[in-house]
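Welcome, and thanks for taking a look at this one. Have the sequence and the 3D view side by side, and we can walk through some strands, helices and charged pairs together.

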Amino acid sequence: MINRSDEICPWCRAADVFEKGESSHEEIHLAAKGKNYDVLELPLRNKDGSISKLSIYRDITLRKDREKRLRASEQNYRSLFEHVAVGVYVSSKKGRFLNANPALLDMLGYEDKAEFLGIDLEQDLYVKPEDRKIFQEMIERHGSVIDYEVDFKRKNGTPISVLLTAHIRMSQTGNILGYEGICVDQSQRKQMEKKLREAHDFMDNTIQSSPNAIMCTDMQGNIIMWNHGAEETLGYKASDVIGKMNVVGNLYTASMAKKVMKMMRSDQYGGKGKLRSCPMTFKRSDGRELEGNLSASIIYDDNGSEIASVGFFVDLGEMLEMNRKLRQTQEQLLQSEKLAAMGRLTSQIAHELNNPLYGIMNTLELMKTEISPTNKRRKLLDMSLSETERLADMLRKMLSFSKPDQEQQAPVNLNTILDEILLLHKKQLWENTIKIKTTFDEALDLVYASKNQLRQVFLNMISNAKDAMPRGGTLTVTTARDTDHARVLISDTGCGIKEKHLDMIFETFFTTKTDGAKGVGLGLSVCYGFIKDHGGDILVESKPGEGTTFTIILPVYKGASD
């Protein structure tokens with residue numbers, strides 16, 4: 001009935017019960033029902049002396065299923081314990097391992113498990129024995145610890161960094177028996193962190209060691225990186241600008257910032273996101289402007305979005321100043337060559353004219369002896385002789401332009417020369433409604449120069465100033481000195497000089513005067529030649545409509561040693 005068969009059940013123990021009078025107890029599995037039973041068969045003696053069999057079937061299917069699952073769980077746990085890649089342990093509160101998996105033994109360099117279970121945790125496992133006490137205090141206070149980083153010792157004594165995650169083991173009475181948990185080897189992570197730290201430090205040292213200014217900003221212009229080169233070049237300390245300053249308005253203008261970003265986002269200046277080179281003017285912390293060259297690039301994240309920009313600024317101030325001085329020297333050399341050519345031409349003209357001119361003068365002098373002083377023609381003769389002498393004087397000046405070394409030089413007082421010239425021209429200037437203002441340095445040193453040539457220079461400057469103020473104005477003459485030079489500043493409030501003409505005013509035959517009777521462009525070129533021959537220089541500043549200032553610079557006289 002139970003087995004659904006006419007044959008005797010294979011587990012039946014009827015023979016033992018009836019023939020031997022023995023009881024039978026076993027567990028059976030009925031495949032047809034898919035159940036397990038605990039079967040107890042007992043002999044019963046009847047009143048008539050016959051024996052009957054009592055069979056008791058108790059369904060134990062659920063218990064068997066639980067036992068099966070428990071065995072599978074134990075097997076899985078043991079397999080996990082034995083094969084998991086991290087160290088798993090069970091330890092006592094007194095400081096001994098009660099169990100450990102192969103991964104933990106391998107991690108700590110032990111081959112013999114019995115040896116490993118016999119070590120003293122505080123002394124043999126922890127690099128710092130006090131860390132064991134700290135671990136116990138933490139786990140017993142909180143019931144568990146998670147990712148507690150500590151240094152263990154391998155069998156050979158080398159340290160190993162591990163992360164401990166563990167909880168306490170309790171007895172049925174609530175007492176702490178010990179701890180169990182896992183250990184994760186952090187050696188590889190520590191090594192990677194070390195390499196990353198070294199790479200970061202190397203990169204940081206490279207950036208900080210650069211003599212050029214390197215800075216990084218977010219996309220709003222806020223400074224997030226600032227190297228030592230930027231500190232030295234621009235005068236701001238990194239601690240004062242990182243996270244505190246925006247480059248726009250502080251280092252350069254908003255319009256320049258937009259221009260730079262537009263160039264970086266273009267493909268025309270080194271590729272998208274890059275700017276190979278851009279002339280740039282930065283403002284230092286002290287307000288001075290620095291000329292240089294900027295190279296920059298945009299930094300993108302993994303999604304291609306702009307997150308920052310980095311710039312490299314090279315201060316080219318010294319080089320640009322050298323280039324300017326070189327150009328100035330080249331211009332001065334060219335001017336000297338022009339003056340030399342003019343001198344040679346002037347000398348040739350003067351020599352060619354001198355001989356016939358002196359012949360004319362001698363003839364006129366002879367004619368004077370033959371004509372009575374009361375004769376009307378004598379007046380015409382005197383006028384002709386006077387004009388001829390004036391022409392001869394002009395030729396002498398032309399010769400002095402070509403050969404200035406022929407002029408005698410001596411220590412002279414610039415204040416005296418200027419005072420005499422202004423006194424002679426005071427009436428003429430007054431008639432042209434021109435006021436005179438003078439500021440003379442009474443302690444001005446003497447200069448070693450040709451007095452006649454300096455007179456010619458100052459006369460030319462004052463004459464030009466007068467011509468520049470046809471409706472009147474103010475002529476200001478100032479003298480001053482520095483350590484080694486005397487300066488004469490002659491300023492007018494006239495029409496000024498156009499910027500495009502400033503570089504040409506000392507060139508021979510250059511003039512802005514439309515009236516040919518007033519000048520042919522020799523005055524300033526002759527003056528420039530005289531001052532250069534004295535070791536000095538002439539500077540000019542002018543603004544159209546506001547006036548012009550000529551500054552004559554001459555070396556001071558230092559005595560016979562000069």
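Let's begin with a pair of strands: S2, residues 35–45, runs antiparallel to S3, and nine bridges join the two. One facing pair to look for is Arg45 and, opposite in S3, Ile51. Please keep in mind that this is a predicted model.

S2 and S3 belong to an open sheet of three strands, in the order S1-S2-S3 with antiparallel pairing. Its edges are S1 (24–30) and S3 (51–59), each of which pairs on one side only. On average, neighbouring strands in this sheet are turned by 30 degrees against each other, direction ignored.

Next comes S9, residues 213–218, where six of six residues are buried. In a regular strand, side chains alternate between the two faces of the sheet. Here Ala213, Met215 and Thr217 point one way, while Ile214, Cys216 and Asp218 point the other way, and all are buried. S9 has an antiparallel partner in S13 (residues 306–315), with six bridges between them, and Ile214 sits opposite Phe312 of S13. S10 (residues 223–226) also runs antiparallel to S9, through three bridges; there Met215 faces Trp226. Four residues lie between the strands in the S9–S10 hairpin, where Gly221 has a positive phi near 95 degrees.

A glycine worth finding is Gly87, in strand S4 (residues 87–92). Gly87 is buried, because its relative accessible area is 0%, under the 20% cut-off. Beyond its neighbours within four places in sequence, its contacts are Asn101, Ala103, Leu104, Met107, Gly181, Ile182 and Cys183.

Now for the helices. H6 covers residues 130–142, and its 13 residues reach 19 Å from first C-alpha to last, close to the 18 Å expected. Its residues Asp131, Arg132, Phe135, Gln136 and Ile139 are buried. They span an arc of only 140 degrees around the axis, so they lie on the same side of H6. The elements that cover these buried residues include S4, H5 (121–125), S6 (144–153), S7 (159–170) and S8 (176–185). Just after H6, Gly143 takes a positive phi of about 85 degrees.

H14 (residues 451–468) has 18 residues and reaches 26 Å, close to the 26 Å expected. Among its buried residues are Leu454, Val457, Phe458, Met461 and Ile462.

How many salt bridges does the structure hold? There are 27. Three of them are set out here:

| Pair | Closest N to O | Citation |
|---|---|---|
| Asp120 and Arg96 | 3.2 Å | salt bridge |
| Glu149 and Arg189 | 3.6 Å | salt bridge |
| Arg455 and Glu420 | 3.4 Å | salt bridge |

Asp120 and Arg96 form a salt bridge. Asp120 lies in the loop between H4 (113–117) and H5, and Arg96 in the loop between S4 and S5 (97–100), so the pair ties together parts that are 24 residues apart in sequence. Asp120 is partly exposed at 23% relative accessibility, and Arg96 is partly exposed at 35%.

The salt bridge of Glu149 and Arg189 links S6 to H7 (residues 187–209), with the partners 40 residues apart. Glu149 is partly exposed at 37%, as is Arg189 at 32%.

In the salt bridge of Arg455 and Glu420, H14 is linked to H13 (residues 414–431), the two residues being 35 apart. Glu27, Arg63, Lys64 and Glu67 are joined into one network by salt bridges that share partners.

Technical notes. Residues numbered from 1 in each chain as written. Predicted model: local features only at pLDDT ≥ 70, side-chain atom pairs only at ≥ 80, totals over all residues. Heavy atoms only, no water. Buried < 20%, exposed > 50% of the residue type's maximum accessible area, 1.4 Å probe, protein only. Contact = heavy atoms within 4.5 Å. Pairing = 2+ DSSP bridges. Axes fitted to C-alpha atoms, helices over the stretch in contact; angles between N-to-C directions. Expected span 1.5 Å × (residues − 1). Arc of directions from axis to C-beta. Salt bridge = Lys/Arg side-chain N within 4 Å of Asp/Glu carboxyl O.
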